[in-house]
Each structure stands twice: as C-alpha cells, then as structure tokens.
Amino acid sequence: MTKPSLPDLLHAAVSAVGGTERPGQVAMAEAVAEAIDDNSHRLIQAGTGTGKSLGYLVPALAHGERVVVATATLALQRQLVERDLPRTVDALHPQLRRRPQFAMLKGRSNYLCLHRLHEGAPQDEEDGLFDQFEAAAPTSKLGQDLLRLRDWADETETGDRDDLTPGVSDKAWSQISVSSRECLGATKCAYGAECFAEAARERAKLADVVVTNHALLAIDAIEGAPVLPQHEVLIVDEAHELVSRVTGVATGELTPGQVNRAVKRSAKLVDEKIADALQTASESFERVMELALPGRLEQIPEDLGYALMSLRDAARNVISALGATRDKSVHDEDAVRKQALAAVENIHTVAERITNGSEYDVVWYERHDRFGATLRVAPLSVSGLLREKLFEDRSVVLTSATLKIGGDFNGVAASLGLSPEGVEGDDVPLWKGLDVGSPFDYPKQGILYVAKHLATPGREGTRGDMMDELAELIEASGGRTLGLFSSMRGAKAAAEELRGRLDNPILLQGEETLGELIKNFAADPKTCLFGTLSLWQGVDVPGPSCQLVVMDRIPFPRPDDPLMSARQKSVEEHGGNGFMAVAATHAALLMAQGAGRLVRASGDRGVVAVLDPRLATARYGSFLRATLPDFWYTTDRNQVRRSLAAIDATAKADGK
C-alpha cells in the first residue's frame, strides 16, 4: 500500500474542521515532517490565522511514533483535545488505516485525589486531621464548593479540575488534591487502583499524541524522574512562553507561614528535641523576614545566612527522623507523614540552594502588603538546562505567532540554549528557522499609530496628555477598544478617569472573571476593556468589537525587577548589550502579542495605537517595530482619527 501524501492528509484534516487550506500551513506541515524525518529541530513562526495546530498535528499523526505536544495555555490544550485532535483523527483514519490515540496529561495536583476526598486533609490545627466537609459551614462559599466537589467525584470520569464547571476556588481544590510529593503512591494508597492521576498516566503511555503543558514539560526535564512517557518528537506550541514557564518551575521560595506549617505538620511525628530545633530555626527565620526589604540580595546577609543554615540542618534532621518513627496514635499516619515530609523537604531544598550560593542563581526579597515577605531564588538563565534536557534524543519543533524578535530568530534561540542559526559545534543542537507568514494582509487591514507628540512616560504620576489622547481615540472609534496597560495601577487610573469622561461602558480586569469580561466586551461594540498582562495575549475577539488596541507605554520590565535586572547585568558582564537582549526583547515579545489582538480574521480592520513616543523616536524603536505585524505605519494623529471614524461608520452601516 502506498503511503498517503502529506498534502492529501492535510487537505482531509482541514476539510474536516471546516477550515481553508493556506500556503503557510502547508509550508509549516512540510517543515515539521522534515524535522521528524531528519530527527532535527525547527523554530517556526506562524502568524494568527495560519491554522498552525493542524500544521503540526497532521505530520505528527502521520509519523506514527509517539509525539508530545506542550502548550502554555489551558485554552489551547482544550482546543487540541476537544476539537482539533478528534476531528483530525477521524479525517485521517481512512487514509492512515489506523486510528491514532491521544490523551491529556497534567501535573498530579490538577486531578482530584480520592484518598484526600474520603480520608480528609491533614491540617495544621492542634487536633490534627479533621473532616473538611464537616468543618466548612455548608452555607459558606467554601462549604458549597466542597459539597459540589463531593458530588462531582461520583460522576467524573477524569477527575481533572478543568472538567469541573463552574470551577471552584484554589482553597477548595487544595482540600481534595495532592502534589506529587504528598502522594502516597498507587501501590501504598487504598484508592490507588481508582486514582485519576494514575489513570491519566496510563492513557498517556498508550497514546500516539500526548497533550501537556509547559510546566509539566519543565518538571519532567528538571527533576529527572520522568513524568511524560518516552517520545520521539516534542512540539512546543506558544513557545514564546516556554522560558518564563521553565523559570517559574525552577524558582524556589520560602515564607515564614510556609515554614510554620511544616513545623506543625511534622511536630507530632518526630522526637520532641528534633521538633523543637525546627521550631527555633523557624522563629529566627521569621525575625529576619520581618525586617526584609524588597530587592535583590547579591550577597546573603549574615543574619539570613545563619537562619537558613539552621533551617537547613533542622529540616534535614526532621527528614531523617520522619523516616524512622511510627506513631499509631496519628490517624491515617502515612498521609500525614507524606504531607509533612513534602513540606519539610521543600524547606530543606530551598534553604540549602540559597546557602550554597550558586553564581547561576538570583536571590531576592519580595514584600506583599497582606502576606508579608517572601524569599525567592531563581536561575539566572534556563538556556543551559533547556539545551541539555530539551534537545537531546528527540526532534523538537517550537512554534508561536511571535518567535522572530527584531526581525530574526536568534534572540529566542539564545534564550533556549541554541547558537545562532547555522552555527555548528560540539554539543550545539543545529536548528532551522522558518517564518510561514500570515494569511492576513496586515498593511491593508491595520494601522500602527505612534503618538509621537506625547511626553515620554515617566516612572510615576498620571499622564494627562495620554488620558486626553486615549479619550479622543475611543470617541473616534465609537468604543470597540482593548486597552493594554503595563501596570494594573495604570489600567485602574485610566478606567476611573474615562468612566467620568465618556459614555462608553469601560470594563476593568479584576472586576469580573476574565472569561466574563471578554464575553461582555465581544457582545457590545460600544464597550471598552482595560487590563494588564493576561489581556496582552489572552484575548481572541474577531470582528467589530475590537477595532482599536491601545498600549499605554512600551512594556519594559520594571527597573527594580530583581531577576530581569540580574539577567541584564550578566549579559553586559559577558560583553553583550543587556538592555537589548533582556529588556527590549521582553518588551518586543509582549508588544507583538498585544498587537496580535487586533486582526483575528480576514475581515478585521483597525488600529494599534502606542501612546509612547519612544517607539518612534528612540534608537531601539525600529527593533520593536520590526517585531510587530507589518501594519501601515503613521504618527499623524488627525489621519488616525479619520481612519477610526471611517472604520466605525462602516461597522455601524453593517449593523454592528
């Protein structure tokens, strides 16, 4: 039997999802197939509307070996498992003469734990274990959530938190879930045979395509204990997010509250003398943290160093003792012990890591008005880790709508531990970049307007001229505005000011769930939606409800961001341009994602307005603009108002 051709398979899949075949999608599918066949690596930029999910799923399914697809967002995981994969498998089945299997796999804490549900959660109160369902008043929000979870547990087939609608609070979910460190293990657990997390792992072992998230991919790479099944191909979608997700997984933190919980959890399970030593170390750590001021710690202060060494040593002794003692007076002792061990091991790991003082780590204090001080430690770079763990023994395809920064792939490649394209050497994974473009006609569909006449934004204070400009732009466009702000404070200030000046409804992130806000924004063209980071890349509203995307300023990282400033300094110490490599690259990625909110379909028209003159006047402005879609560019404020008014008039004439 002749092997079905890739174009035929792609055509069948596109027809099945009711899509339109696009040249970029075909080019992408061919590049992915080539990478799989050659066991090589690709960075593929595929603009909005390319249909990139099918561009990698079709060659992956045709290949026949196991493929892992890792995404950053829950929305894309759902789209793949609930829509794209079922339809694609159905479409390809007749030609492939087999039906590829697929499965979703997440971290253990995403699944309901039957042991925790039935036996209760070990708590920090003096009475040890209590029934969380009895303790939470049924009339309280927590009580209602827990009762709903108990009912859901009887009917769910997956135990996956994301299958529960509506969702529940993190506090409620924590009562019926465990981390991988707290898990008893299937062989020791009375509910091991029915375990949802274990069932998900078993399904993944049998699947041809396993859909997971960046965080689990990072855990799999960092912790050395394989969570994902063996696979020959890794496809990383939303790859512009990978470095920050891996950094998040590789970041450790310590707080006085966290240490206190570990003390309480372990106190009844070890000798009093050993428990007292951890209690004493906890108290000295708490005293140091009370005086902690936010910022990077280039040297560990003496008092903090002593407190961490005491914590490390006391935690090590508790860990040894926890393994050697048994106390039959403690109900469900194995679960209580496992939770205590997880809490103390985390403290030992972080305290030891900071005490050892690697030059590749950044340590800093954070302060929160409500929660007090936190001590954090993160890797200066994850590029070495990614180079070593990601690209060995498998073909890797990284794709996103934004991988070319300032016009080429090398910036993103460097953050992933790769050399510039085409550079060969020992232990240097070779890769190729491909930009398959977008089906949209950006110069005709959109305008990039830079408000060159405005004052350069300062660090503090309201910007009266910016508010006036924003109000005029919204009036010209008849609403229809997505406002992307570099800080929540800026978004709130603009919403408060403009609610008093304009008739248009203005929605503000945080005043309702993100899903509700986006739904209400899409439903009424007169409405505006203002917000910060998650809106820069989380909004998909095609059509006339979003015809003006405004960025209040270039979203550089804050100058006092300890990790970003440490990374910038490190680049400079190695002879590079720290500002361009770190701050400008960070801003360019966000701006490209933000600008991508405007044109989501072939009929969309509109304006991306950047209310920061530096995009037009600063030397780095051309670097940032090269990362944005190729919109028609202007700094003429009158021209842009006329264009917005015309777009608004057309939409109204169409009854929208």
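# Putting the labels to the test

Reader: What makes β9 and β10 count as a pair?

Author: β9 and β10 are joined by two bridges in the antiparallel sense. The cut-off for pairing is at least two bridges, so this one qualifies. One of those bridge partnerships links Gly295 with Tyr365 in β10. Keep in mind that all of this comes from a predicted model.

Reader: Fine. What about β10 and β11, how many bridges do they have?

Author: Eight bridges hold β10 (residues 361–368) and β11 (residues 372–379) together, again in the antiparallel sense. Pairing asks for at least two, so the label holds. You can look at Trp364, whose partner in β11 is Arg376, and at Arg367, which stands opposite Ala373 in β11. A hairpin of three residues joins β10 to β11.

Reader: Which strands are called the edges of that sheet, and what makes them edges?

Author: The sheet is open and has four strands, in the order β8-β11-β10-β9, with antiparallel pairing. β8 (252–254) and β9 (295–296) are its edge strands, since each pairs on one side only.

Reader: How do you know which strands sit at the edges of the seven-strand sheet?

Author: That open sheet runs β16-β17-β15-β18-β19-β14-β20, with parallel pairing. β16 (506–508) and β20 (632–634) each have a single partner strand, so one side of each lacks a neighbour in the sheet. From one strand to the next, the twist averages 15 degrees.

Reader: Inside that sheet, what makes β18 and β19 a pair?

Author: Four bridges, in the parallel sense, connect β18 (residues 548–551) with β19 (residues 606–610). At least two are needed, so they count as paired. Met551 is opposite Val610 in β19.

Reader: And which helices lie on those strands?

Author: Helix α19 (residues 464–477) lies across β14 (446–450), β15 (481–484), β17 (528–531), β18 and β19, at about 170 degrees to β18. Helix α27 (residues 637–653) also packs on the sheet, touching β14, β18, β19 and β20, and its direction makes about 145 degrees with that of β14.

Reader: Why is α12 called roughly antiparallel to α13?

Author: The axes of α12 (residues 256–267) and α13 (residues 272–290) cross at roughly 170 degrees and come within 10 Å. Angles over 145 degrees count as roughly antiparallel, so α12 earns that description relative to α13. On the α12 side, the contact includes Pro256, Val259 and Val263. On the α13 side, Leu278, Phe285 and Met289 are among them. Sorted by type, the residues of this contact come to eight nonpolar, four polar and one charged.

Reader: How do you know how many disulfides the structure holds?

Author: The count is zero. A disulfide needs a pair of cysteine sulfur atoms within 2.5 Å. The sulfur of Cys183 is 6.1 Å from the closest cysteine sulfur, in Cys195, so that is too far for a bond. For Cys546 the closest cysteine sulfur is in Cys528, at 10 Å, which is also too far for a bond.

Reader: Are Cys183 and Cys546 buried or exposed, and how do you know?

Author: Buried means under 20% relative accessible area. Cys183 has 15%, so it is buried. Cys546 has 1%, so it is buried as well.

Reader: What makes Tyr191 buried or exposed?

Author: Its relative accessible area is 17%, under the 20% cut-off, so Tyr191 is called buried. Tyr191 is in the loop between α8 (170–174) and α9 (196–206). Leaving aside residues up to four places away in sequence, Tyr191 touches Leu114, His115, His118 and Glu119. His118 is 73 residues from Tyr191 along the chain, yet their C-alpha atoms are separated by 9.5 Å.

Reader: Last one: what makes both faces of β7 count as covered?

Author: In a regular strand, side chains alternate between the two faces of the sheet. In β7 (residues 233–236), Val233 and Ile235 are on one side, Leu234 and Val236 are on the other, and all are buried. β7 also has parallel neighbours: four bridges join β2 (residues 67–71) to β7, and four bridges join β7 to β12 (residues 395–400). For the β2 connection, Ala70 has Val236 as its partner in β7. For the β12 connection, Ile235 has Val397 as its partner in β12.

Technical notes
Residues numbered from 1 in each chain as written. Predicted model: local features only at pLDDT ≥ 70, side-chain atom pairs only at ≥ 80, totals over all residues. Heavy atoms only, no water. Axes fitted to C-alpha atoms, helices over the stretch in contact; angles between N-to-C directions. Contact = heavy atoms within 4.5 Å. Buried < 20%, exposed > 50% of the residue type's maximum accessible area, 1.4 Å probe, protein only. Parallel < 35°, antiparallel > 145°, perpendicular 65-115°, else oblique. Nonpolar A, V, L, I, M, F, W, Y, C, P; charged D, E, K, R; others polar.
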